Amino acid sequence: MSEPPAPEPDLEVSHPKHAAAGVTGVAVALDRAVRAMGPVRATKTLRRLNQVGGFDCPSCAWPDPEHRSVAEFCENGAKAVAEEATRARATPDFFARHSIADLDAHDELWLGQQGRLTHPMVKRPGATHYEPIGWHDAFALVADHLNALDSPDQAAFYTSGRASNEAAYSYQLFIRAFGTNNLPDCSNMCHESTSVALLETIGIGKGSVQLRDLYDAKLIVVAGQNPGTNHPRMLSALETAKRRGAKILSINPLRETGLVAFKNPQKPRGVVGSGTPLADLHLPVRVNGDLALLQAIGALLVEWDAIDHVFVAQHTTGYAAWAAHVSAVDWDVVEVATGLSRAQITEAAQMLRESDATIWCWAMGLTQHRNAVATIKEVVNIALVRGDLGRRGAGLCPVRGHSNVQGDRSMGIWERPPQHFLDALAAEYDFAPPREPGYDTVDTIRAMRDGLVSVFVALGGNFVHAAPDTDVTADALRRTDLTVHVATKLNRSHLVCGRTALILPTLGRTEIDRRPSGEQHVTVEDSMSVVHSSRGNLEPASEMLLSETAIVSHLAEETLSRRASAPVIPWAQMRDDYTVVRQHIARVVPGCAGYDVNTERQGGFVMPHPPRDSLTFATRERAAVLTVSPIEVLHVPDGHLLLQTLRSHDQFNTTIYGLSDRYRGIEGGRRVVFVHREDLAAQALDDGAVVDVVSVWSDGSTRRVTDFRTVAYDVPRGTAAAYYPETNPLVPLDSVALGSNTPTSKSVVVRLEPLGSARTR
Ligand SMILES: Nc1nc2c(c(=O)[nH]1)N[C@H]1C(S)=C(S)[C@@H](COP(=O)(O)OP(=O)(O)OC[C@H]3O[C@@H](n4cnc5c(=O)[nH]c(N)nc54)[C@H](O)[C@@H]3O)O[C@H]1N2
Ligand SMILES: Nc1nc2c(c(=O)[nH]1)N[C@H]1C(S)=C(S)[C@@H](COP(=O)(O)OP(=O)(O)OC[C@H]3O[C@@H](n4cnc5c(=O)[nH]c(N)nc54)[C@H](O)[C@@H]3O)O[C@H]1N2
Ligand code: SF4
Ligand SMILES: [Mo]
């Protein structure tokens, strides 16, 4: 029998790389930038990236150092800029040439390569193509739909974390003045488990660490995060910390390249040398084994009395119950859940015992599991019993994803806004904002599916590919009357339309934003609560583009002017001079007094964080809360694997830059599933076999993605890994983290079905 045709003919698999960045990283960054922008534009743009007076990197939320070098960016920051500042354009002509069905047949890489959107476009009911529409007609169309609803709760307003503070503040104000808290956002799929866990235990949903703390730490734990790809400049901070004597503990099922060794491209030694070995100890934890691991570490700390009793007595509650709980941990269960030996766990616990200043960093490897909130609360437990909060060189450091996701939440992009925030809005604008919690991302999908939401508006993002259960989400979107996407570039969500659909093209971070009062800047908040300004320097991709802040305020004005009870809000002044928006922010958002001036100071200002600043806790107990969580080991039936879905080195979320996951040795394709060699053997599968990946869910339903190639890889036995968003169809909508409703994108029970085996569709 002849070989089945390879699903991706150019796919090549080689050995994973040992060191991250270095000269290849620089070369790739420059090559991509020059190819998309040309040499002059590339130089002009990259020179301003992350500089004081320049623009904030549109990629991740890692903070900028106080003292900046000439090239203050990384390979993936440069790719993000190239993606936005490309010279390619998706014009009305392009949309006339391609029907929506035709566009939908292309992959996300191709869609992105068509370039920047230039004109507002509409798809009318029954139409096969998008056609141009004037801005005013577009705003009126949205207003007509919104005002025709029986209840404001029949609309949902999504936000992706790239929106500026000015846009986000205006957007939430519009939505609440309209009358709903249906504000799903990308955070619901990302660090929501972190926000929930931290709010409950320390009274604020943000991390406590500043960049300089990393330089002063004795131990930095990096759990469930791949900084070499997703927060590359974090490696420079880790390298500095290491040079100053810090130890690094990596907790990850994969031996991610950046954590093993790092060549700093900004230093000559980094370009030529073999790199700084970063992690002192790597724990290859089984997927979803972190809660058990942390409790076992807790048990050892209690046993050794390596507890900061003074801190515990002064600042926490719940110690006795926590100590009793972890001390009773069942080591047999721990070894099954973690796949680690007692000796490995003891070595990690010793590192903690020996450190009097530990920082805990984490990302999606901890947040996207059924027990994610419990796991993060356990991180907090360990930090608290060691006194690692409100102390130099120590603290909690959830590493955020989107460049302004934290700022958006500060500005009120939250389906469960705190009452004090609503009180401040009520006082400022003299109206009664809605008080009931709204829909988050998963609940928005359910509501669209069930016909309860019929207008879906998205400020950025790519909802259909970011959300779980792709087919269910797509059907839900198609049931709506209207979908509206404010976007810089074409993506899948624009092709999965409501009966009527709008694409509203917007300026990006890299571009000059001219308003009647002059050139504007915007403000953003990084992962460490530093708020600062950002100014683009490129001519806009098209004369037709409006900024997000302008689009939102036009939508608001058009919609609310027709509603009798709408509050009086100076939309026109806000969009014509963003200083006016910042004055509103200063009065409404806690910690933002003097906002306009403070964000213009060199380096910006740091948002208040009571636990970090004064060891005060806005919890019911007025203290930090130690919590007790039972360990539940996920049951994976025989012949099945626990799949985590992750990012390659050549994508930003659903935006695919290219097909090179260099560090993991994957080139020319993305439909791969990483599996342990012995698990492949146990299932009589070859390395390189073509398989379907089938997920099984507790209600007996199955979901399938087809034509993946197996790659024998160093993952823990019984687990697997594959790229997002190709595997999102496998994540059941109802499979969510307890307490945060975050899709469990890092623990999906799957089996592999070789091509040729009966397909049970
Ligand atoms: N270049 C680039 N930068 C990005 C992004 C991007 O797509 N591209 N995305 C941005 C966004 S929105 C975000 S949220 C961040 C995401 O940043 P990351 O969280 O680093 O992203 P993932 O690729 O999802 O990687 C998750 C890591 O967790 C590990 N992991 C999986 N399951 C477990 C587990 O059970 N336990 C432990 N301990 N580890 C586990 C995986 O092996 C992997 O190393 O990056 C941001 N930055
Ligand atoms: N299976 C699985 N699913 C996941 C994850 C996972 O790890 N596994 N991770 C989750 C996480 S952490 C996140 S954050 C979400 C991401 O979810 P989203 O934020 O919804 O997705 P992105 O891919 O970041 O959105 C990219 C699109 O944003 C638009 N865009 C880019 N820049 C701008 C801009 O400046 N303004 C506007 N208006 N639009 C812009 C472009 O059209 C681009 O196509 O996905 C989640 N989904
Ligand atoms: S680390 Fe993140 S924010 Fe910094 S340059 Fe790289 S991608 Fe941009
Ligand atoms: Mo994210």
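**Exercise 1. In this predicted model, work out which residues come closest to ligand 2, and which polar atoms of the protein lie opposite its nitrogen and oxygen atoms.**

Solution. Begin with the surroundings: ligand 2 has 30 residues around it, and the closest are Tyr-158, Ala-466, Glu-548, Thr-654 and Tyr-724. Next, take the nitrogen atoms of the ligand, where an N or O atom in the side chain of Glu-548 is found 2.6 Å from a nitrogen atom, and a polar side-chain atom of Thr-645 is found 2.9 Å from a nitrogen atom. Then turn to oxygen: the side chain of Tyr-724 places an N or O atom 2.7 Å from an oxygen atom of ligand 2. Take care with two similar numbers here, for Thr-654 is named among the closest residues, while Thr-645 is the residue with the 2.9 Å distance.

**Exercise 2. Follow the chain onward from Tyr-724 and decide whether the peptide bond to Pro-725 is cis or trans.**

Solution. The angle to examine is omega, which is near 5° for the bond from Tyr-724 to Pro-725, and this bond is cis. As a background rule, most peptide bonds are trans. To place the bond in the fold, note that Pro-725 belongs to the loop between β33 and β34. Ser-740 is likewise found in the loop between β33 (719-723) and β34 (748-754). Ser-740 counts as buried because its relative accessibility is 6%, and the cut-off for buried is under 20%. The side chain of Ser-740 also makes a polar contact of 2.9 Å with the side chain of Ser-193.

**Exercise 3. Describe the surroundings of ligand 1, and state which of its contacts listed here use the backbone and which uses a side chain.**

Solution. Start again with the neighbours: 32 residues lie around ligand 1, and those that come nearest are Asn-252, Glu-256, Asn-288, Asp-290 and Asn-653. For the backbone, Asn-230 has an N or O atom 2.8 Å from a nitrogen atom of the ligand, and Gln-651 has a backbone N or O atom 2.7 Å from a nitrogen atom. For the side chain, a polar atom of Glu-256 lies 2.6 Å from an oxygen atom of ligand 1.

**Exercise 4. How many cavities of 30 Å³ or more does the whole structure hold, and what lines the largest and the second largest of them?**

Solution. The search over the whole structure gives three such cavities. The largest cavity holds about 100 Å³ of space, and its lining includes Asn-76 and Asn-230. Sorted by class, this lining consists of six nonpolar, five polar and one charged residues. Ligand 3 sits in this largest cavity, with Asn-50, Cys-57, Ser-59, Cys-60, Trp-62, Phe-73, Cys-74, Gly-77, Pro-232 and Arg-233 around it. The shell around ligand 3 divides into six nonpolar, three polar and one charged residues. The second largest cavity has about 70 Å³, and among the residues that line it are Arg-286, Asn-288, Ala-337, Asn-371 and Glu-632. Its lining is made of six nonpolar, three polar and two charged residues.

**Exercise 5. Describe the second largest pocket by its space, its lining and the elements that contribute to it.**

Solution. First the space, which is about 1100 Å³. The lining of this pocket has 38 residues, and the closest to its centre are Leu-199, Ile-204, Gly-205, Trp-414 and Pro-418. The elements that give two or more residues to the lining are α9 (192-202), α22 (405-410) and α23 (419-429), and the largest share, five residues, comes from α9. By class, the lining divides into 17 nonpolar, 13 polar and eight charged residues.

**Exercise 6. Ser-529 and Ala-684 each have a positive phi; for each residue, find its loop and decide whether it is buried or exposed.**

Solution. Recall first that most residues other than glycine have a negative phi. Phi of Ser-529 is about 65°, and this residue lies in the loop between β21 (522-525) and β22 (530-534). With a relative accessibility of 1%, Ser-529 is therefore counted as buried. Phi of Ala-684 is near 55°, and its place is in the loop between α32 (677-682) and β31 (690-696). Ala-684 has a relative accessible area of 70%, so it is exposed, the cut-off for exposed being over 50%.

Definitions and conventions. Residues numbered from 1 in each chain as written. Chains lettered and ligands numbered in written order. Predicted model: local features only at pLDDT ≥ 70, side-chain atom pairs only at ≥ 80, totals over all residues. Heavy atoms only, no water. 1 Å grid on protein atoms, 1.4 Å probe; cavity = no way out; pocket = protein on both sides within 12 Å on 5 of 7 lines; lining within 4 Å. Points joined across faces, edges and corners; volume = space filled by probe spheres on them. Helix = DSSP H or I, 4+ residues; strand = E, 2+ residues; numbered from the N terminus. Nonpolar A, V, L, I, M, F, W, Y, C, P; charged D, E, K, R; others polar. Near = heavy atom within 4 Å. Sits in = over half its atoms within 2 Å of the grid points. Buried < 20%, exposed > 50% of the residue type's maximum accessible area, 1.4 Å probe, protein only. Polar contact = N/O pair within 3.5 Å; in protein donor to acceptor, adjacent residues only side chain to side chain.
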